[in-house]
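This report concerns charged side-chain pairs and the burial of the residues that form them. Please consult the sequence and structure shown below while reading.

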Amino acid sequence: MGQPLNPIEETVLSEKLRLYAPPMLIPKLLPPKFCWYSGKTTKFKKYPSVRSSSKADCLQAAYQSKRSPEYKADYCNEGESEALPYVQTLREIPKEELAAKVVMVRFDGAILLKEEINRSSQSVSNAIFTIKYICEAGGKVILVSNWRKKFNSKLLDTESAADTLSSLLQHKVVVLQCISSTVPLKMEVLNKADIFLLENLSDFKEEVANCLNFAEVLSSGVDIFVNDSFSLSHKILASTVAVARFCSAHVVGFHSEESLDQLRKAADANRKPYIAIVGGGNLYDKAAALHFLASKCDGLVFIGMMSFQILHALGYSVPSSLIEPKAHKAAEDIIHFAHDRNIPILYPKDFWCVNDHRPNQMEVLPAHGIMHGWSPVDLGPRSLDEINSLLIKCKKIIWIGPLKFKLSSTCVDGVSKLAQILGELSKQTCDVTVVGNMACKAIMMESSSLLDCNMIESASVVWEFFKGRKLPGIMALDRAYPFEIDWSSVYNDPAQPLVVDIGSGICCFFLPSNGLFLLGMARRRKDLNFLGLEINKKLVRRCLDSVHQSSIWNGHFISTNATTTFRSIVSSYPGELVLVSIQCPNPDFNNPEHRWRMLQRSLVEAVTDLLAQDGKVFLQSDVEEVAVRMKELFLKYGKGRFTLSGDRSNTKIDKEAWLKENPFRVRSDWEQHVLDRGAPMYRLMLSKSPNAE
């Protein structure tokens, strides 16, 4: 048994423990208001079970688990991919939660405002469905995008864009002039219609500057932000990045969700042989992406301008006009990398070429023998035959980048023949992904098996992702936790009440394992389960090592951004959540503003929804302004449920009403560091009342 509790500890924890006296009693799971991640659409493997009867056996099992791939996947790299995390989607928000909400949809003008719209296109139908879905749920939709006359020559102003959308959606779209207006948006204006369109973002330089003030005006009165403009995911814009800071929820729409799924599939080499067909130019700029493809695929097929850089690196004669500056070394590196992996690189053996001085004169010339005064315009017949022979054996293919040269001709049809080849393969057992507007258009024109191909129209986003770069428009959204947690493998008794410490890794940064706040609590209170949520993966590894080495079966750590994943993780826990602690968020003296970022409205609302009745929230910081802000956020967004523990009638907590001592008598490392230098800690305890005021 642990040490006796002091009176404050009894107030915090003991009220709920009486409910758990019967050993077979299973606690009731409180339904969260937002069921953010259901896990129904995607299956993920569970945590491995590590159980042992003796301490020696436990340590041996832990050691074996740490050496296994499962440990690395489930414990060390859990949560999300660095470049493409799992994010919350519009479909995961219950429809009833959209009723009477103001929802801003950042749509893609290049999809919905084109002069000629193909309604059978999956991108178009998904983009339309996003807007209609919200309307049918009873939400008010504010549409925002950028557009130019190149999309549609009829787009003269915002009113004409609204008319185009009204016709497409079969629903009246009303222009809302509030970005450039000095008068703030009045909510009663939204009663006049269900769908509104804001002004053209192309007219505002603040958009590309990712201006926070502009984003705040843009999102005035908005509850939920839906990013359905996948083609802009690689850019930092006020309407895709900064705006997420001012809404309570930030999710992707159906078009972006589908595009993200296709992107994940393209990066997954789950079927072999997997061949990448690479078109376009700028090999030097795309070298990192080509290395990624070479590491995933079983062969690279170069078409278009990049093929000449490969030929040049192999020592073939290439006209100087076709050589890209600085591309030679990058092409050599790719060739050597492919050679080391023992995968083939296929390049065209012949081209259709046009005489520069006689445009009507065309001939098929060998790739390494293009004469001066001749320019390539399309793949030659031998090249197409060789590509077809290679692809026919494949189980998975990605085509990214256009088959395009500096000159073009309507007399040859290499693009259409390649599209036909891929269309026929997709009807069989081959998984075909086509990336880029020109490639997708070719498939749609030439192939009757459109639905059998995966298509991503925005090649720029895919190239950036393949380079290993994070997509700002995706990183700004709420994250989903992509693992199905087997709580019975994490804890001996997953029915016990749960205590969650947010940002717990800082507790183990300086002190040895026996100084951890969460593990110290876990040792003292065997009747509770403890969960630490920490974004720093290295710290989580240390904490998990301490868990295994100390044979602790009521403590666990997860590497994750709790601000966006708290709800999806904790909502699946079978017991009650009785205490949440947030201690010293980001104690970085060089960047004090960083301390303000972790606790956001979405996290406060998630804690409020999931915390048991009379549950407690413990807040502390060595910076008074941070502690005050955390308190104010819980009082503002806690739906009237939180009061200062011990005085429910006093919702206005005085700044001087701090707890003098840590009620748990287990200090975090940073707390001890602050006290040792004689500085104060600012602590308070909030209690969740049974009924809203």
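A residue is called buried when its relative accessible area is under 20%, exposed when that area is over 50%, and partly exposed in between, using a 1.4 Å probe and protein chains only. Helices (DSSP runs of H or I, at least four residues) and strands (runs of E, at least two) are numbered from the N terminus. The model is predicted, so that local features need pLDDT of at least 70 and side-chain atom pairs count only at pLDDT 80 or more, whereas totals for chains, interfaces and linings use all residues. Residues are numbered from 1 along each chain as its sequence is written, and side-chain values use heavy atoms, with hydrogens and water left out.

**Helix 17**

Helix 17 spans residues 459–466 and is mostly covered, with seven of its eight residues buried. These buried residues are Ala 459, Val 461, Val 462, Trp 463, Glu 464, Phe 465 and Phe 466. After helix 17 comes Gly 468, which has a positive phi near 90°.

**Salt bridges**

Side chains of opposite charge can pair when their charged atoms come close. A salt bridge here is a side-chain nitrogen of Lys or Arg within 4 Å of a carboxyl oxygen of Asp or Glu. The whole structure contains 16 salt bridges, and the table gives examples.

| Acidic residue | Basic residue | N to O distance |
|---|---|---|
| Glu 136 | Lys 95 | 3.8 Å |
| Asp 194 | Lys 140 | 3.1 Å |
| Glu 464 | Arg 469 | 3.0 Å |

Consider the pair of Glu 136 and Lys 95, joined by a salt bridge. Because Glu 136 belongs to helix 6 (residues 122–136) and Lys 95 to helix 4 (residues 95–98), this pair ties together parts that are 41 residues apart in sequence. Glu 136 is exposed, at 57% relative accessibility, and Lys 95 is partly exposed at 34%.

The salt bridge between Asp 194 and Lys 140 links distant parts of the chain, 54 residues apart. Asp 194 sits in the loop between strand 3 (173–175) and strand 4 (195–197), while Lys 140 is in strand 2 (residues 140–144). Asp 194 has a relative accessible area of 32% and is therefore partly exposed; Lys 140, at 18%, is buried.

Which residues share a network with Glu 464 and Arg 469? Salt bridges with shared partners join these two to Asp 285 and Lys 467 in one network. Within it, Glu 464 is buried at 17% relative accessibility, and Arg 469 is partly exposed at 44%.
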